[in-house]
Amino acid sequence: MVKAGTFRGNRIDLFYEEFGEGEDPPVLLVMGNSAPGLVWPDAFCRLLSARGLRVIRFDARDTGLSTYIDFSTSPYTLDDLAADAFDLLDGIGIDEAHVVGLSQGGVIGYRMALAMPQRVTTLCTIMSSPDLRPKNDAFAGAIEAPGALPRPSAGYVRKVIALNANPPMSVDEIATRFIENFRLAAGPRSPFDERAWQSLGRAFAERPLLRPDGLQPTLANNSNHALAQKATPALTSEELASLGLPVLIIHGSDDPIFPVAHGEWAASASPRATLRVIDRMGHALDPAFFDAIVREMSAFYRSNRSDESKWTDA
């Protein structure tokens, strides 16, 4: 069963979708930089819900069908995005949830766990890093800081900047830009399911057309998450060490944005963290890796469950 709705809060509205049954353990999926919830593909969400989970994905502010913000008059940080996620859980009556964050979503997950640990059952990060500065510095052309975690390669940065030099002007161009950005992010050794990415790219491009207010995302809206990243302090090893909840870190061996050392550092700093590296996976949630990711998550949840709720390895 898939259920869709809009949480209308005091500050912003958030569009969300649910897969699974309401009585199952809730899992909140937090997507990355400037990406709406549908970038967690339907097939991935259904695989998780088939394991006996209530899966919730949502459009963060400045994405999809949720509220668009004028950052110049209402700036925000990743902590505000974490607060939005808690507001959504409040709005749909969930006190505590497993949180899963991809890329920037992983940082939001960490910040949720630090801000309100009693509401985060477990944390799973996928293709993420507690420290976004190496990535941001690389794209800004800043000098590499001594002792910093590895940054994306200069070649990768050049390709991404060239690809995104001009804003897309049509739905077709938006879809193509989406696909080609993820093709680069996947890395040269990763599988890349053309049909799946074509379908997802089209859905991504057409999603804003469904907005009842008629607004369309601008380049500014699509940059707001990057501005929020820069306005948010990097997580420290001391903060990671203070996490008392179980953490699963899923990383790709070939991630071109956050090389695997990011996942290794996060795992070494977090006392209850488990690192799982998936061979050939880059920074794109390709269908080739769905089963492996869901198996790791399912085993992690089984080993950390504190109740007798139903569970299946289907």
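Colleague: How much accessible surface does the protein chain have, and what share belongs to carbon and sulfur atoms?
Modeller: This is a predicted model, and its values are computed from it. The accessible surface of the protein chain comes to about 13600 Å². The share that belongs to carbon and sulfur atoms is 53%.

Colleague: What radius of gyration does the protein chain have, and what would a compact globule have?
Modeller: The chain has 314 residues. A compact globule of that length would have a radius of gyration near 20 Å. The chain agrees with this, at 18 Å. Along the principal axes, its C-alpha atoms fill a box of roughly 55 × 50 × 40 Å. So the two radii are 18 Å for the chain and near 20 Å for the globule.

Colleague: How many helices and strands are there in the protein chain?
Modeller: Both kinds of element are present. Of the contacts between residues at least 6 apart in sequence, 74% join residues at least 24 apart. Buried residues make up 52% of the chain. The count is eleven helices and eight strands.

Colleague: How far apart are the mean positions of the positive and negative charges?
Modeller: The chain has 30 positive charges and 39 negative ones. Each set has a mean position. The two lie apart by 3 Å.

Colleague: Which kind of aromatic pair do Phe192 and Trp197 form?
Modeller: The count of aromatic pairs comes to ten. In the pair of Phe192 and Trp197, the centres are 5.2 Å apart and the planes are at 0°. Planes under 30 degrees apart count as stacked, so this pair is stacked.

Colleague: Is Trp197 buried or exposed?
Modeller: Buried means under 20% relative accessible area. Phe192 has 17%, so Phe192 is buried. Both residues belong to one aromatic cluster with Phe178, Phe182 and Phe204. Trp197 has 3%, so Trp197 is buried.

Colleague: With which residues is Asn136 in contact, leaving aside its neighbours within four places in sequence?
Modeller: Asn136 sits in helix α4, residues 133-140. Its relative accessible area is 13%, so Asn136 is buried. Pro134, Lys135 and Ala138 of α4 are buried too. Beyond its sequence neighbours, Asn136 touches Gln229 and Lys230.

Colleague: What phi does Gly141 take, just after α4?
Modeller: Helix α4 covers residues 133-140. Gly141 comes just after α4 and has a positive phi. The value is about 75°.

Colleague: How far apart in space are Arg211 and Thr67?
Modeller: Arg211 is in the loop between α7 and α8. Its relative accessible area is 7%, so Arg211 is buried. Arg211 is in contact with Gly64, Leu65, Ser66, Thr67 and Tyr68. Arg211 and Thr67 are 144 residues apart in sequence, yet C-alpha to C-alpha they are 9.9 Å apart.

Colleague: What relative accessible area does Met127 have?
Modeller: Met127 lies in the loop between β6 and α4. Most residues other than glycine have a negative phi. Met127 has a positive phi, near 55°. Met127 is buried, and its relative accessible area is 0%.

Colleague: Is Arg280 buried or partly exposed?
Modeller: Arg280 lies in the loop between β8 and α11. Arg280 is not a glycine, but its phi is positive, about 75°. Buried needs under 20% relative accessible area, and exposed over 50%. Arg280 has 37%, so Arg280 is partly exposed.

Notes
Residues are numbered from 1 along each chain as its sequence is written. This is a predicted model: local features need pLDDT of at least 70, side-chain atom pairs count only at pLDDT 80 or more; totals for chains, interfaces and linings use all residues. Side-chain values use heavy atoms; hydrogens and water are left out. Helices (H or I, at least four residues) and strands (E, at least two) are DSSP runs, numbered from the N terminus. The radius of gyration is taken over C-alpha atoms; the globule rule is 2.2 Å times the number of residues to the power 0.38. Buried means under 20% relative accessible area, exposed over 50%, partly exposed in between (1.4 Å probe, protein chains only). Contact means heavy atoms within 4.5 Å. Accessible areas come from the Shrake-Rupley method with a 1.4 Å probe; for residues, only the protein chains shown count as cover. Lys and Arg count as positive and Asp and Glu as negative; His and the chain ends are not counted. The place of a charge is taken as NZ of Lys, CZ of Arg, CG of Asp or CD of Glu. Rings of Phe, Tyr and Trp (its six-membered ring) pair if their centres lie within 6.5 Å; planes under 30 degrees apart count as stacked, over 60 as edge-to-face and the rest as tilted.
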